[in-house]
Amino acid sequence: MDKKKTIRIIIGVILFLVFGSMYVLYKHSSGDEIVVTEDFSDGELSQRSGKAESTAAASSQSGHTGIYVHICGEIKKPGVYTFEKEPRVIEVVEKAGGFTKKAKQDCVNMAQLVSDGTQLFIAGKEKVSQQREQEAKEESDSGKVNINTASKEELMTLSGIGESKAAQILTYRETIGRFAKIEDIKNISGIKDGVFSKIKDYITV
């Protein structure tokens, strides 16, 4: 065999082996990487997603505190009760077993919404009676009209307060509640600064 031809064959074999080995190694490493990456990504993402959903659900449950209401006084089962949403007073009273026989029920606005952290005190008939007597005495002593307790006729003795405005004052007390200060009377339609300036020295709360 020609020497040059032999050298060419040897070089060809060597090149074939080198490139063949490189190709096999490349395919092997490339294939492994793809398989591992896909398996890892799919499994890991799925697992993390499941954990995230479980954590979110647990967090949601643990973070739900509800509406806490404390009811006391003339009620059968005084205490703190929880609700999923803001209840009406009637719902709180029912959950606490209802009123006692001494409760002054007509002084309670059963339709009022109760917000979180509220304390509802149910007064007794005797206590309410004593409070009204005290208010009447203070009103008599001061010579002023108590806009929280005055009758329609008493309110009409005030300058600028006719039958219509007196009726509105009574309605306000029944639906909204007591006047916290004398200036609150200006919440009544038609009673503004002019009328208030005439009666402010003659009214009290």
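The exercises below work through side-chain contacts in a predicted model.

**Exercise 1. Classify the aromatic pair of Y172 and F179 by its ring geometry.**

Solution.
- Step 1. A pair of aromatic rings is described by the distance of the centres and the angle of the planes.
- Step 2. A search for such pairs gives one in this structure. The ring centres of Y172 and F179 are 4.6 Å apart, with the planes at 10°.
- Step 3. Rings pair if their centres lie within 6.5 Å, and planes under 30 degrees apart count as stacked.
- Step 4. The pair of Y172 and F179 is therefore stacked. Both Y172 and F179 are buried.

**Exercise 2. Find the rings that have K95 and K186 over them.**

Solution.
- Step 1. For K95, the ring is that of F83, and the charged end lies 4.4 Å from the ring centre.
- Step 2. For K186, the ring is that of F196, with 5.2 Å to the ring centre.
- Step 3. The distance cut-off for a charge over a ring is within 6 Å of the ring centre, and the charge must also be within 35 degrees of the ring normal.

**Exercise 3. Describe the salt bridge between E163 and K152, and place both residues in the chain.**

Solution.
- Step 1. Side chains of opposite charge can pair when their charged atoms come close.
- Step 2. In the bridge between E163 and K152, the closest N and O atoms are 3.1 Å apart. The cut-off is 4 Å.
- Step 3. E163 belongs to helix α5 (residues 163-175) and K152 to helix α4 (residues 152-155), so the bridge links distant parts of the chain, eleven residues apart.
- Step 4. E163 is exposed, at 51% relative accessibility, whereas K152 is partly exposed, at 24%.

**Exercise 4. Sort D106, K181 and D184 as buried, partly exposed or exposed, and name their salt-bridge partners.**

Solution.
- Step 1. Buried means under 20% relative accessible area and exposed means over 50%, with partly exposed in between.
- Step 2. D106 has 61% and is exposed. Its salt-bridge partner is K104, with 3.4 Å between the closest N and O atoms.
- Step 3. K181 has 44% and is partly exposed, while D184 has 13% and is buried.
- Step 4. K181 and D184 form a salt bridge with each other, and their closest N and O atoms are 3.1 Å apart.
- Step 5. The whole structure holds four salt bridges.

**Exercise 5. Compare the sequence separation of S151 and L170 with their distance in space.**

Solution.
- Step 1. S151 is in the loop between β4 (145-146) and α4, and is partly exposed at 28%.
- Step 2. S151 and L170 are 19 residues apart in sequence.
- Step 3. In space, C-alpha to C-alpha, S151 and L170 are 8.0 Å apart.

Methods: Residues numbered from 1 in each chain as written. Predicted model: local features only at pLDDT ≥ 70, side-chain atom pairs only at ≥ 80, totals over all residues. Heavy atoms only, no water. Phe/Tyr/Trp six-rings, centres within 6.5 Å; stacked < 30°, edge-to-face > 60°. Buried < 20%, exposed > 50% of the residue type's maximum accessible area, 1.4 Å probe, protein only. Salt bridge = Lys/Arg side-chain N within 4 Å of Asp/Glu carboxyl O. Helix = DSSP H or I, 4+ residues; strand = E, 2+ residues; numbered from the N terminus.
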